[in-house]
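Got the viewer open and a selection box ready? Here is a short walk through the model, one pick at a time.

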Amino acid sequence: MAEHLASIFGTEKDRVNCPFYFKIGACRHGDRCSRLHTKPSISPTLLLSNMYQRPDMITPGVENQGNPIDPRKIQEHFEEFYEDLFEELSKYGEIESLNICDNLADHMVGNVYVQFREEEHAANALRNLSGRFYSGRPIIVDFSPVTDFREATCRQYEENTCNRGGYCNFMHLKTISRELRRQLFGRYRRRRSHSQSRSRSPPKHRGSHEERSHGGRGHIRRYGDRDHYHESRSKRHRSTSPGHRRGRSRSPGGKRNRSPVREGSEERRAKIEQWNREREQENANRVDNDAANNNNENGNNGYAKNDDKYYGHQQQQE
């Protein structure tokens, strides 16, 4: 039962709570609505009721004196109000979105919805805006249950196909120019990018003392960016690869061969066997020469010293 009530909460099937108030934060029936308007105790969204006053409030496109108004002047008047309000609300916290209704119905005309990034910012704005005035009119502000404006806006209005006009029960949101939006909301993007760049530590330079002392291995990774890390890692592997560490192939004399031509496996085995034979021959000749020199110096005539014991012709005779 509880799961069923939770699934239909705020929908047309909910016979207790008003779905329009839940989606839009306003209901055309007001206090006379047969369903409940449950106001949230805390929310990231604030509703400033009937705050925006259009210059053509009585008749769309016509002034109060009855003269027609240029649509460009109406847009300029709206953007001046939007910028002024944004600057004031941004003092209390980071603004996620600021939406102003273009509806003409009494319960939605001039409604302003401001959604902050944090609920604490919205609560701070509510405390500071309560009891204040704007253009000689009191500011009526309260928490709003609206958090998803995609469900609250009229999609037909966005496609210029809404036949209900300004008396539609869904939001008809006025838009601002791209330049003004970039000017107002771009500051938050710049702040985030600046804070992220400051949080990242500077990249390590090649050939630093720490890298040389550790041989390029096991050192602390100071790169905040993964691309820099993979780049440094690939450079380190290239610098410590066997070809780079040992250099070119060497000849038996210890000199480097200038030609980088790689020999076959059979040729290398033949050369290794030849080197081993030459080395064994050199070692045997060296041992014979050392033994002959020792015998001549000591005058033992066939005796050789090995680990403080003497072996020679006498022991063979015994």
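Which residue forms a salt bridge with Asp142? Keep in mind that this is a predicted model, then select Lys39: its side chain pairs with Asp142, and the closest N and O atoms are 3.7 Å apart. The two come from distant parts of the chain, with Asp142 in strand S6 and Lys39 in the loop between helix H2 (19-24) and S1, 103 residues apart. Switch on a surface and you'll find Asp142 partly exposed, at a relative accessible area of 30%, while Lys39 counts as exposed at 55%.

Next, pick Arg54 and Asp102. Their side chains form a salt bridge too, at 2.2 Å from N to O. Arg54 sits in the loop between S1 and H3 and Asp102 in the loop between S2 and S3, so this pair ties together parts that are 48 residues apart in sequence. Both Arg54 and Asp102 are buried.

For another pair, select Arg72 and Asp70, which meet at 3.1 Å, N to O. Here Arg72 is exposed at 62% relative accessibility, and Asp70 is partly exposed at 28%. Now add Lys174 to your earlier pick: salt bridges with shared partners join Arg54, Asp102 and Lys174 into one network.

Time to go inside. The largest nonpolar core has 30 residues, and Leu46, Leu48, Ile95 and Leu98 are the ones that touch the most other members. Elements that each supply at least two residues of this core include strand S1 (45-48), helix H3 (71-89), strand S2 (95-100) and helix H7 (178-199). H3 gives the largest share, six residues. Center on Leu46 and show what surrounds it: beyond its neighbours within four places in sequence, its contacts include Val112, Val114, Phe116, Leu126, Val141 and Phe143. A separate core of eleven residues lies apart from this one, with Val146, Ala152, Met171 and Leu173 among them.

Now color helix H4 (119-129). Its buried residues are Ala122, Ala123, Ala125, Leu126 and Leu129. Look down the axis of H4 and these fall within an arc of 160°, so they line one face of the helix. That buried set packs against S1, H3, S3 and S6. Flip to the other side of H4 for Glu120 and Arg127, both exposed. Just after H4 comes Gly131, with a positive phi near 85°.

Last stop: select 12-40 and 148-175, which an unreviewed UniProt entry annotates as "domain: C3H1-type". Over 148-175 the chain is 29% helix and 0% strand, and the end C-alpha atoms are 17 Å apart.

Definitions and conventions
Residues numbered from 1 in each chain as written. Predicted model: local features only at pLDDT ≥ 70, side-chain atom pairs only at ≥ 80, totals over all residues. Heavy atoms only, no water. Core = buried A, V, L, I, M, F, W, Y, C linked by side-chain atoms within 4.5 Å. Buried < 20%, exposed > 50% of the residue type's maximum accessible area, 1.4 Å probe, protein only. Helix = DSSP H or I, 4+ residues; strand = E, 2+ residues; numbered from the N terminus. Contact = heavy atoms within 4.5 Å. UniProt positions renumbered as here; feature names shortened; annotations may be inferred. Arc of directions from axis to C-beta. Salt bridge = Lys/Arg side-chain N within 4 Å of Asp/Glu carboxyl O.
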